[in-house]
Amino acid sequence: MKRYSFILAIFLTAFVGTVDAQKVAMKTNTLYWLTTTPNIGLEFALADRWTMELEGGYNPWTFNKEDNLKAKHWLVSPEVRYWFCESFHG
């Protein structure tokens, strides 16, 4: 458990730095966290009205070894989005 927490902390601090809020957005999905699935997503502006997002999540937990109750899975979700006004502004 400590190992996964350490890896998650390293992963999250790797994105510390100067970024332009109009070019990059870092996201997370709260409902995934409620199901014990750590996740993160990054969205980049490609043009004035186009963005691309890549989101990922990983759940390595075994909840009950006796009943073999597991929720192990990984998720990668790419997305391209067209904005009607301007990127990141509705």
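The legends below describe close-up views of a predicted model.

Residues are numbered from 1 along each chain as its sequence is written. In this predicted model, local features need pLDDT of at least 70, side-chain atom pairs count only at pLDDT 80 or more, and totals for chains, interfaces and linings use all residues, while side-chain values use heavy atoms, with hydrogens and water left out.

**View 1. The whole chain holds two helices and six strands.** Helices (H or I, at least four residues) and strands (E, at least two) are DSSP runs, numbered from the N terminus. Along the sequence these elements follow the pattern α-β-α-β-β-β-β-β. Of the 90 residues, 20% count as buried; buried means under 20% relative accessible area, exposed over 50%, and partly exposed in between, with a 1.4 Å probe and protein chains only. The chain exposes about 7,000 Å², of which carbon and sulfur atoms supply 63%. Accessible areas come from the Shrake-Rupley method with a 1.4 Å probe, and for residues only the protein chains shown count as cover. Among contacts (heavy atoms within 4.5 Å) between residues at least 6 apart in sequence, 43% join residues at least 24 apart.

**View 2. Four strands form an open sheet in the order E1-E2-E3-E6.** The pairing is antiparallel; two strands pair if DSSP finds at least two bridges between them. Strands of a sheet pair through backbone hydrogen bonds, either parallel or antiparallel. Strand E1 (24–27) and strand E6 (73–82) are the edge strands, each pairing on one side only. From one strand to the next the twist averages 10 degrees. For this angle, axes are lines fitted to C-alpha atoms, for helices over the stretch in contact, and angles run from 0 to 180 degrees between N-to-C directions.

**View 3. Strand E2 (residues 39–45) pairs with E1 and with E3.** Four bridges join E1 and E2 in the antiparallel sense. Across this pairing, alanine 25 stands opposite glutamate 43, and methionine 26 stands opposite leucine 42. E2 and E3 are antiparallel over seven bridges and form a hairpin with four residues between them. Here phenylalanine 44 of E2 faces methionine 52 in E3. E2 is mostly covered, with five of its seven residues buried.

**View 4. Glutamate 53 and leucine 54 both lie in strand E3.** The strand spans residues 50–59. In a regular strand the side chains alternate between the two faces of the sheet. Glutamate 53 counts as buried because its relative accessibility is 7%. Leaving out residues up to four places away in sequence, glutamate 53 touches Lys27, Leu42, Glu43, Ser77, Pro78, Glu79 and Arg81. Leucine 54 counts as partly exposed because its relative accessibility is 46%. Beyond its neighbours within four places in sequence, leucine 54 has contacts that include Ile40, Gly41, Leu42 and Val76. The C-alpha atoms of leucine 54 and lysine 27 are separated by 9.8 Å, and these residues are 27 apart along the chain.

**View 5. Ring pairs link Trp50, Tyr82 and Phe84 into a cluster.** Rings of Phe, Tyr and Trp (its six-membered ring) pair if their centres lie within 6.5 Å; planes under 30 degrees apart count as stacked, over 60 as edge-to-face and the rest as tilted. The count by this rule is two aromatic pairs. In one pair, the rings of tyrosine 82 and phenylalanine 84 are edge-to-face because their planes are at 90 degrees, with centres 5.7 Å apart. Tyrosine 82 is partly exposed, at 37% relative accessibility, whereas phenylalanine 84 is exposed, with a relative accessible area of 65%.
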